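The following questions and answers examine side-chain contacts and surface features in one protein structure. Please consult the sequence and the model while reading.

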Amino acid sequence: MEVNGKIQLYPMTRIAVALILGILIGDRWGGSLPSVAWLGVMIALLVAVNIARERPVFQSVALLLSTMMFGVWSLTEVRNAREIQLPEHEIGYEAVVVSEPQVRGKVLRCDLLITSMREPIKVKASILRDTLTNAWTRLKVGDGIAAKSKLEEPSYSFSNSSFDYARWLKVHGFQAQTFIYHDSWARRQISLARLSNFQRVRIAALKFRHKLTDKLRQLNIEEENLALISAMALGDKSMISNQVRDDYSISGGSHILALSGLHLGIIYAVLVLLITSVVKLVRKPTEIYQRWPDVVVQLVSLAAIWSYVVLVGMSASVLRSATMLTIYGLMSLLNRDRMSLNALATAAIIMLVINPYTLWDVGFQMSFMAVLGILLIYPRRHLNWLVGLVIVSVAAQVGVAPLIMLYFGRFSCYFLLTNLIVIPCATCILYGVVLLLIASPISLAQAFIARGLSVVAGWMNAGVGWIASLPGASIEDIRINGLQALLIYVMMFCAYRIICINLQRK
């Protein structure tokens, strides 16, 4: 990324920047013209790219501008597709629950996918709990319901931060929100025929995840420890208490609760180790077969990773991590640089082409900025485990600190101490979950491993709680806007360049 002290933007990085600019332009001014107009400009620029083959500078500029126009067009198309006319009054409908219901005060919150309308729509629902029949206690992911309520446009923003909840709902595909009274819904067997194959597979995966959580519960793991294990291994954070969430947020360990590159990286390493061991047993010694074991290892490992991504709900951070791991695996087969700014940019391009609204996903932003911080700061040489962990922790925190201040109004002062506790514990837990799966036919071994997992999870929760209780654990009520966060990143980058130049002179 740096050549002779200068920042080198690889082609994919330039394309990613142009695409992001185009999406931002589309969000602000895309509706001023029909989407076909933006498509026409993009095609004209692509024609100019082919015509100007002997003028490389003009060709490069035209290519980047066409990428920007693609960003404008794709954002406009997605926005037009998601805009629907909601009924002005209450309606009856059938829906399927597509998230784990969570108790929040007097209501039960869950995500619904309405299947009885012309096109299925995703709704954020709050169901008033009935304390007489307690019917809400039997509602789980994958269940069908018949309900009657008014569907409203996503709204509401948090006053103590720059987090825009209404935009968050739209970014995650929610087209409405609704409040359902306790006597206005009932469980019902519904047809999923109108849903796409992808939606049906995702619902089936979520139901399977719920069964896995129930199996973990049957191993007599303490509830608080089970919540942590389920969040880290299955991406189900519905059981985590508000107190535990606050402890991890204050201490700077919230990233460990959300599936991300750390979790998938550990699982990928375990898979590669296991599959490589199996492949070596059947590997033929002749030279013609020297390459196929590596291909088999990568293909099987990546297939397992993507199956796991579907299982845990396909959040932006998980998709980014899986995309990066896929690029990493392919680059390892081609003997290319596996961890580079180019690979990160490629992952961003893939995700933004699939869904341009991903750009506003907080998990997407934090995930990419954390990896970017690591790529810029982590030295390309072998370091011992402790030093490497410290540098990675600092680099990732530097990358996401302005975003945390922007969205959550907080800066965790002891994040380094937190990572020294949570990362080793997280590694042990994820390895333990894999062993738990392998040992499933042997109940005694499974019970022993489950006990060990519970102990490690308990240590982790206790350690994070202790750090959160320390004086000055976090700086609260930080108020910055998007422009200020951007300026902080600019100043950080300038400081980084000054340090790099001084180091090169020495």
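**Side-chain contacts in a predicted model**

Q: How many aromatic pairs does the structure hold?
A: The model examined here is predicted. Ring pairs were counted across this model, and the number of aromatic pairs is 9.

Q: Are the rings of W168 and F174 stacked or edge-to-face?
A: The ring centres of W168 and F174 lie 6.2 Å apart, and the angle between their planes is 20°. Planes under 30 degrees apart count as stacked. The pair formed by W168 and F174 is therefore stacked.

Q: Is F174 buried or exposed?
A: The relative accessibility of F174 is 3%, while its ring partner W168 is partly exposed at 24%. The cut-off for a buried residue is under 20%. F174 therefore counts as buried.

Q: Which residue lies over the face of F174?
A: Besides its pairing with W168, the ring of F174 has a residue over its face, at 4.5 Å from the ring centre. That residue is K122.

Q: What is the angle between the planes of Y357 and W360?
A: Y357 and W360 form an aromatic pair with a distance of 6.0 Å centre to centre. Y357 is buried at 10% relative accessibility, and W360 is buried at 16%. The pair is classed as tilted, with an angle between the planes of 50°.

Q: Over the face of which residue does R129 lie?
A: R129 is placed 4.8 Å from a ring centre. The ring belongs to W136.

Q: How many salt bridges does the structure hold?
A: One of them joins R188 and E94, at 3.5 Å from N to O. Another joins D214 and R217. The count for the structure is 7.

Q: How many residues apart are R188 and E94?
A: R188 lies in the loop between β9 and α5, whereas E94 belongs to strand β3. R188 is partly exposed at 46% relative accessibility, and E94 is partly exposed at 25%. The salt bridge links distant parts of the chain, with a separation of 94 residues.

Q: In which helix do D214 and R217 both lie?
A: The closest N and O atoms of D214 and R217 are 3.0 Å apart. The two residues are 3 residues apart, about one turn of the helix. That helix is α5.

Q: Why does the pair of E476 and R410 tie together parts that are apart in sequence?
A: The side chains of E476 and R410 meet in a salt bridge of 2.8 Å, N to O. E476 is in the loop between β11 and α16, and R410 is in the loop between α13 and β10. The pair therefore ties together parts whose separation in sequence is 66 residues.

Q: Which residues are joined into one network by salt bridges that share partners?
A: In this network, salt bridges with shared partners connect the side chains. The residues are K140, D143 and R187.

Q: How many disulfides does the count give?
A: The sulfur atoms of C425 and C428 are 6.5 Å apart. A disulfide requires cysteine sulfur atoms within 2.5 Å. C425 is in no disulfide, C428 is likewise in none, and the count is 0.

Q: Which elements give two or more residues to the nonpolar patch?
A: W385, L386, L417, L420 and W466 make a nonpolar surface patch of about 530 Å². W466 is located in helix α15 and is partly exposed at 47%. The elements that give two or more residues are α13 and α14.

Note on methods
Residues are numbered from 1 along each chain as its sequence is written. This is a predicted model: local features need pLDDT of at least 70, side-chain atom pairs count only at pLDDT 80 or more; totals for chains, interfaces and linings use all residues. Side-chain values use heavy atoms; hydrogens and water are left out. Patches are made of residues with over 30% relative accessible area and no salt bridge: like charges are joined within 9 Å, nonpolar side chains (Val, Leu, Ile, Met, Phe, Trp, Tyr) within 5 Å. Accessible areas come from the Shrake-Rupley method with a 1.4 Å probe; for residues, only the protein chains shown count as cover. A salt bridge is a side-chain nitrogen of Lys or Arg within 4 Å of a carboxyl oxygen of Asp or Glu. Helices (H or I, at least four residues) and strands (E, at least two) are DSSP runs, numbered from the N terminus. Buried means under 20% relative accessible area, exposed over 50%, partly exposed in between (1.4 Å probe, protein chains only). Rings of Phe, Tyr and Trp (its six-membered ring) pair if their centres lie within 6.5 Å; planes under 30 degrees apart count as stacked, over 60 as edge-to-face and the rest as tilted. A charge sits over a ring if NZ of Lys or CZ of Arg is within 6 Å of the ring centre and within 35 degrees of the ring normal.
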